[in-house]
Amino acid sequence: MKTIAILCGGGPAPGINTVVATVTKVFLKAGYRVLGLHEGYKGLFTDHPEVEELTFEKADQIYTRGGSLIKMSRFKPKDEDFSCTFFLRYQVKLLVTIGGDDTASTANRLTKYLVENHIPIQNIHVPKTIDNDLPLPEGVPTFGFMSAKEMGINIAKVVKAEAATTQNWYILMSMGREAGHLAYEIGKGIQSAMIIIPEMFSGLKITMDRVIRLIVSAMIKRRILGQKSGVVVISEGIFHFLQEEDIAASGIVFGQDAHGHPELSDVGKAYILNKIVRNCLEKYGLTIISRPVEVGYSLRCVDPCGFDLTYCTTLGIGVKKLYEAGCSGCMVAVDVHQNVIPVYLQEVEDENGKIPPRMVNMQREEVKSTFSEMIYYLTKADREEASHYLSVPEYFEWENIMK
């Protein structure tokens, strides 16, 4: 019997089960056997893979659920780990990979391996991540992002109400390995006092000093305007760009995940950043209380929102469409008209064959207007009033921080 296999790599995101269920249903209807391969690429290249046969009944049970029926893994195989044993043993015609940029990068290498070894197996990748950082067409999200954004905004709204009620500040740290999409959307959604994402620095070195000055700048600007509370939303991705001396000075000690990235989940980044902010406030004699909030794992396994339920259904159907068109080594995507299109991995890879992250486009009009009109920071015009709070107010002015 003709067989397809599905594996999931990286971390969870809302909508995985919707994609798995949709792919299962459309291929079962066409007479295929559908296998769920547990533990990602680790399962694919082990001698004893854990395989689960998927049915209509299982697909219906998981369609709207968060999390993933297919167990995930961050295992990143080396080229020498590649093998066709699994494909031959189960007579697989199509491998469906579900994951983010690292899973996609491995899928890209695997496709090249299959082609070079004349193995007639197609590989189609479904772009999944709450970070929204895969290179899809402009304005097209990765699945899971919208659900994470909705839940993130709901959490942040409660935090903002708490800040206003207690007249305190909150440092809210949002997931986002390098790109700031999620932090930006959460910050904009609650109209936070300050949004800090890696992309806003536009080539400037990201330092802890700049980050702290931006936070304090927002606090004092709000004080001048008669507002004693606020929320600062920050992307944890800034920690990927800090220099070693900055990280050492902050007391942060990172391990590395299976892909060689700093293991951001190992430390309470909001807590550490808040401690540094509090030290700065004490230095200037400012009686402002700030507290840390982490918004991360609570977003990854929520039930998919209505957008992701319909979007993931489209992507799942799209896998079959691209398969029947003979496509391989591509991501399934949609254009602005919701037409299914392939995005070939070789066309978006970097010079090392990896799939680079899609960053927030700071030149987009709505992004520029958000940063110019919605967030708070000191300017030269505020210097006299800011001097009542700061001995060197010019040090905390936007123009001087961002130059």
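**View 1. E185 and its partner K149 in a predicted model.** At 19% relative accessibility, E185 is buried (under 20% relative accessible area, with exposed meaning over 50% and partly exposed in between, using a 1.4 Å probe and protein chains only). Its partner K149, at 22%, counts as partly exposed. Their side chains meet in a salt bridge, 3.3 Å from N to O (a side-chain nitrogen of Lys or Arg within 4 Å of a carboxyl oxygen of Asp or Glu). This pair links distant parts of the chain, with E185 in helix α7 and K149 in helix α6 (residues 145-166), 36 residues apart. Helices (H or I, at least four residues) and strands (E, at least two) are DSSP runs, numbered from the N terminus.

**View 2. K188 with E366.** Here the closest N and O atoms of the salt bridge are 2.7 Å apart. K188 sits in helix α7 and E366 in helix α14 (residues 365-373), 178 residues apart along the chain. Salt bridges with shared partners join E138, K188, R364 and E366 into one network. K188 is partly exposed at 35%, and E366 is partly exposed at 26%.

**View 3. D101 with R177.** Look for a salt bridge of 3.2 Å, N to O, between these side chains. D101 lies in helix α5 (residues 101-116), while R177 is in the loop between β6 (169-174) and α7 (181-189). Both partners are buried, D101 at 8% and R177 at 15%.

**Notes for all views.** Residues are numbered from 1 along each chain as its sequence is written, and side-chain values use heavy atoms, leaving out hydrogens and water. In this predicted model, local features need pLDDT of at least 70 and side-chain atom pairs count only at pLDDT 80 or more, while totals for chains, interfaces and linings use all residues.
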